[in-house]
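Colleague: Please take a close look at one part of this model, the charged side chains that pair with each other across the strands, and describe their surroundings as well. Which residues take part, and how do they sit within the chain as a whole?

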Amino acid sequence: MRQPYGGPSREPANLGDILERVLDRGVVIAGDIRVNLLDIELLTIKLRLLIASVDTARELGIDWWEHDPWLSGRDRELIEENRRLRRQLAARGEE
């Protein structure tokens, strides 16, 4: 008999089961890359990766993709606003 999530299971898990568990609970992968030369830190890159379903991410308070104009389709509005403002500035410069 299969155990609930997190419990030991004697059956081999297939890819679908693993993906379902990962998306249901989420997985965090974190790491740092540092480049030093003669004990002088030249570069530090901090990597953080969260893999989760949209619902799990929302439960964690993560919803940046809904407000990012490039991902939400609002980029066209911003581009048009930028053009309009540039035309206004150019018109003022000509006066």
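Modeller: A suitable starting point is lysine 46, which is exposed, with a relative accessible area of 54%. It counts as exposed because the threshold for that class is over 50%. Please bear in mind that the model is predicted.

The partner of lysine 46 is aspartate 32, and the two form a salt bridge whose closest N and O atoms are 3.8 Å apart. This pair links distant parts of the chain: aspartate 32 lies in strand 1 (residues 27-37) and lysine 46 in strand 2 (residues 40-51), with their positions 14 residues apart in the numbering.

Aspartate 32 also forms a salt bridge with arginine 48, here with 3.2 Å between the closest N and O atoms. Once more distant parts of the chain are linked, since aspartate 32 belongs to strand 1 and arginine 48 to strand 2, 16 residues apart. Both contacts satisfy the criterion of a side-chain nitrogen within 4 Å of a carboxyl oxygen, so each is counted as a salt bridge.

As for accessibility, arginine 48 is exposed at a relative accessible area of 52%. Aspartate 32, by contrast, is partly exposed, because its value of 38% falls between the limits of 20% and 50%.

The search of the whole structure finds 4 salt bridges. One of them lies in helix 5 and offers a useful reference: glutamate 80 and arginine 83 form a salt bridge with closest N and O atoms 3.9 Å apart. Both residues lie in helix 5 (residues 75-94), 3 residues apart, which is about one turn of the helix. Glutamate 80 is partly exposed at 34% relative accessibility, and arginine 83 is likewise partly exposed at 48%. Returning to the strands, salt bridges with shared partners join Asp32, Lys46 and Arg48 into one network.

The strands also carry nonpolar side chains at the surface. Ile33, Val35, Leu37, Leu38, Ile40, Leu42, Leu43, Ile45 and Leu47 form a nonpolar patch with about 850 Å² of accessible area together. Strand 1 and strand 2 are the elements that give two or more residues to this patch, and strand 2 provides the largest share, 5 residues. Isoleucine 45, one of the patch residues, has its place in strand 2. With 34% relative accessibility, isoleucine 45 counts as partly exposed; that value also meets the requirement of over 30% for patch residues, which is why this side chain can be included.

Finally, the setting of these strands in the chain. The secondary structure comes to 5 helices and 2 strands, arranged from the N terminus as α-β-β-α-α-α-α. Of the 95 residues, 5% count as buried. The accessible surface of the chain comes to about 8,600 Å², and 56% of it belongs to carbon and sulfur atoms. Among contacts between residues at least 6 apart in sequence, 16% join residues at least 24 apart.

Key. Residues are numbered from 1 along each chain as its sequence is written. This is a predicted model: local features need pLDDT of at least 70, side-chain atom pairs count only at pLDDT 80 or more; totals for chains, interfaces and linings use all residues. Side-chain values use heavy atoms; hydrogens and water are left out. Helices (H or I, at least four residues) and strands (E, at least two) are DSSP runs, numbered from the N terminus. Buried means under 20% relative accessible area, exposed over 50%, partly exposed in between (1.4 Å probe, protein chains only). Contact means heavy atoms within 4.5 Å. Accessible areas come from the Shrake-Rupley method with a 1.4 Å probe; for residues, only the protein chains shown count as cover. Patches are made of residues with over 30% relative accessible area and no salt bridge: like charges are joined within 9 Å, nonpolar side chains (Val, Leu, Ile, Met, Phe, Trp, Tyr) within 5 Å.
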